[in-house]
Each structure stands twice: as structure tokens, then as C-alpha cells.
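Visitor: I have the sequence and the model open. Could you take me through a few spots?

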Amino acid sequence: MARIVSLRPWHLRLIDPQAEQVIHAAPQLNEEFGEAVIAAGPAWACVDGARVYGAGGFVFEDWRAVAWAILGQCAGRQMMAMTRMARREVARITLPIEAYVRDEFAAGERWAKLLGLSLESSGVGPNGIMYGKWVRNVDAA
């Protein structure tokens, strides 16, 4: 049975990222990145024994919280539990929240909406790909 636990740095190397995230997530599936995101804000993983379905959390900055997630190829059956957890955590954040989703990635856009975020703008990311900036402002909380 899968459960949500506090992220441990080694969880990330056990994620088999979904096709959408393979290229972008590959450099982050290591203990060094895990330690960095744990130090930057709260982070969790959805696990079942040695299988890690996904991980996510927030990176806190002075005036905002940036949401991040890396989901595994077999995360589908666990998405309800991960969404419930993410919604609870989004509700606890008192800062504006930002998340970035590749334009036209329908599943990512649906999840952002389910978490209470709204599309604010689109722009080119550092990798030359268009991303939507999804936000939840403090007054909308």
C-alpha cells in the first residue's frame, strides 16, 4: 500500500519519470538535488516499499513558494492520494505559489487546476521551451 512520507534524498533516484519529465528530471534524480530541495522547503514522496511513484514539494523564497513535482510512469493509480496531499499543503502555504508547466501538457495543466492554481502567463524557459506560469496568489487562498 502506497503512503506519503517525508522526502529522503535517495527517493529521487528510485523514480522512473513519466515521459513528459524524462529529459528535464534526469539531472535531478540524485541525492544532491534531494538534499537541496529538502533544505529549501517541505518535500514528500509517494512510496510503496522500494517503489517511488513521485515526489514534490515547495522551494521557499522571500516572497513566494515555488511548487515542484517529479512523477513516475506508474504514478497514475496514486494520483488521487498525491493530489489530496498536495491540495492540503497548498492550502497551508500563506505565500503566493508559482508552478511551471510546459505549454500544452494537458495532464500537468489539469493537475495545476486541481491544486487551485490559475494560468497567469506563458513564456520561454531557459531551455527554449514554452511554459505556463501557474499561480495561487495570497488573496485567492
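**Strands, a loop and a helix**

Guide: Start with one facing pair: Val 5 stands opposite Ala 45 in E2. Keep in mind that this model is predicted.

Visitor: How many bridges join E1 to E2?

Guide: The two strands, E1 and E2, run antiparallel. The bridges joining them number four.

Visitor: Which residue in E3 stands opposite Ala 45?

Guide: E2 also pairs with strand E3 (residues 51-60), in the antiparallel sense, over six bridges. Opposite Ala 45 in E3 stands Ala 55.

Visitor: Why is E2 described as largely enclosed by the rest of the structure?

Guide: E2 covers residues 43-48. Buried means under 20% relative accessible area. E2 is largely enclosed because, of its six residues, the number buried is five.

Visitor: Is Leu 12 buried or exposed?

Guide: Leu 12 lies in the loop between strand E1 (3-6) and helix H1 (22-25). Among the residues it touches are Phe 33, Ala 55 and Trp 68. Its relative accessible area is 0%, so Leu 12 is buried.

Visitor: What is the C-alpha separation of Leu 12 and Gly 34?

Guide: Leu 12 touches Gly 34. Along the chain they are 22 residues apart. Their C-alpha atoms are separated by 6.6 Å.

Visitor: Which exposed residues does H4 carry on the face turned away from its buried side?

Guide: The buried residues of H4 (residues 106-114) are Gly 108, Trp 111 and Ala 112. They fall within an arc of 100° seen down the axis, so they line one face of the helix. What covers them includes helix H3 (79-92) and strand E5 (97-102). The face turned away carries Arg 110 and Lys 113.

Notes: Residues numbered from 1 in each chain as written. Predicted model: local features only at pLDDT ≥ 70, side-chain atom pairs only at ≥ 80, totals over all residues. Heavy atoms only, no water. Buried < 20%, exposed > 50% of the residue type's maximum accessible area, 1.4 Å probe, protein only. Contact = heavy atoms within 4.5 Å. Arc of directions from axis to C-beta. Pairing = 2+ DSSP bridges. Lists of a residue's contacts leave out its neighbours within four places in sequence.
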